[in-house]
Amino acid sequence: MTEVHGKIESETLLVTGTGRLGGPLPGAGPRIGGAFSETGPADHTEAGGADGATISDEAGEFSAAWLSLREPADAAARALDLVDLLPGAVRTVRDLGCGTGSLGRWLTPRLGSGQHWIMTDRDPALLLRAAAGMPDGVTVSTQRLDVADLTPADLAGTDLVTCSALLDLLTAEEVERLAGVCAQARVSVLFTLSVTGEVQLAPHDPLDSEVEAAFNAHQRRTVDGRRLLGPDAPQVAAEAFAKVGAAVTVRPSPWRLGPAMPALTAEWLRGWAGAAAEERPDLPVGPYLERRLAALPHASVGHKDVLAIFE
């Protein structure tokens, strides 16, 4: 049985951050013009969510339905060999931006017994889902915390810090600060599925490269004075952790989409094209998206996993 500790019904029991990632996060969807975050849509955003406004869920800023839809592709993409490189026994794991707990469900069976997971997110509804959805045999606690507010004290007794599809939403300064915090605490990290911006589609469409470039520019946009890393995140994270003394290993972890995964492929296409259209309104993205949805392509969507170990 999964044992859950901590309450998230009362705001007074939560550790709250400064909200640097707060506000409506960008989304995309079937309607061209919505903004994008690969992590998922803000279901209260009028223009639609990052990876499909057709997917909505009342629980939380990030659509739990979207996170569930992408979970099998995430699991298949993650670089399993990095788990084998983890040093020593991993008992206590802090999962940053945990969403519905997808990474925890993937990683728990690959670690030893006696695990305790600290699910960390800004969204109390997603924290509830994450805690309830973890496998039997582990204990779980929750903390509502902005990743930008994490301190070395928060990592006391922690063996591993994880996140999935999160780094692209941070700035270079925030990633460098996170590296410093982990270095002070001497806690290793496993950051999975950071988007790289590289997309390969088959069959080819003449507009593919322009949509890709516009999407990547959109991911690097400035929001409330914060320049998001977007596809630069894996390299920035690797360099930041190496700079503070970690041994860093990077592995590719691309999504493999296509007609065999029609719902996910269609929603990803809507988000990808929607972000490009917002960045480049001059592009004929509407007809492009119609062509792509009418005959779903095979797609390789670039991500990287980053492991940083402090000896």
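1. Start with F241: in this predicted model, its relative accessibility is 0%, so F241 counts as buried, the cut-off being under 20%. F191 gets the same label, buried, at 1% relative accessibility.

2. How do the rings of F191 and F241 sit against each other? Their centres are 5.6 Å apart and their planes meet at 75 degrees, so this is an edge-to-face pair. F191 belongs to strand β6 and F241 to helix α7 (residues 233–243), so the pair ties together parts that are 50 residues apart in sequence. Add F310 and you have one aromatic cluster: F191, F241 and F310.

3. For a stacked pair, look at W268 and W272, whose rings are 5.1 Å apart centre to centre with 20 degrees between the planes. Both tryptophans lie in helix α8, four residues apart, or about one turn of the helix. In an α-helix there are 3.6 residues a turn, so residues three or four places apart point the same way. Both W268 and W272 are buried.

4. While you're on helix α8 (residues 262–279), have a look at P262, which is part of it. P262 is partly exposed, at a relative accessible area of 44%. Its C-alpha atom is 9.3 Å from that of L293, and the two residues are 31 apart along the chain.

5. Now over to helix α9 (residues 285–294). Which of its residues are buried? They are V285, Y288, L289 and R292. Looking down the axis of α9, you'll find these buried residues within an arc of 95 degrees, so they line one face of the helix. E290 and A294, on the other side of α9, are exposed. The buried residues of α9 pack against β6 (188–202), α6 (208–219) and α8.

6. Strand β3 (residues 116–121) is mostly covered, with six of its six residues buried. H116, I118 and T120 point one way from the strand, while W117, M119 and D121 point the other way.

7. What does β3 pair with? Strand β2 (residues 92–96) runs parallel to β3 and is joined to it by five bridges; one of the pairings is T92 with H116. Between those two strands the chain passes through helix α3 (residues 102–107), making a right-handed β-α-β crossover. Strand β4 (residues 139–144) is also parallel to β3, with six bridges joining them, and there T120 has Q143 as its bridge partner. β3 and β4, together with helix α4 (residues 124–132), make a right-handed β-α-β unit.

Key: Residues are numbered from 1 along each chain as its sequence is written. This is a predicted model: local features need pLDDT of at least 70, side-chain atom pairs count only at pLDDT 80 or more; totals for chains, interfaces and linings use all residues. Side-chain values use heavy atoms; hydrogens and water are left out. Buried means under 20% relative accessible area, exposed over 50%, partly exposed in between (1.4 Å probe, protein chains only). Two strands pair if DSSP finds at least two bridges between them. A crossover is right-handed if, with the strands pointing away from the viewer, the path from the first strand over the helix to the second runs clockwise. The arc is that of the directions from the helix axis to the C-beta atoms. Contact means heavy atoms within 4.5 Å. Rings of Phe, Tyr and Trp (its six-membered ring) pair if their centres lie within 6.5 Å; planes under 30 degrees apart count as stacked, over 60 as edge-to-face and the rest as tilted.
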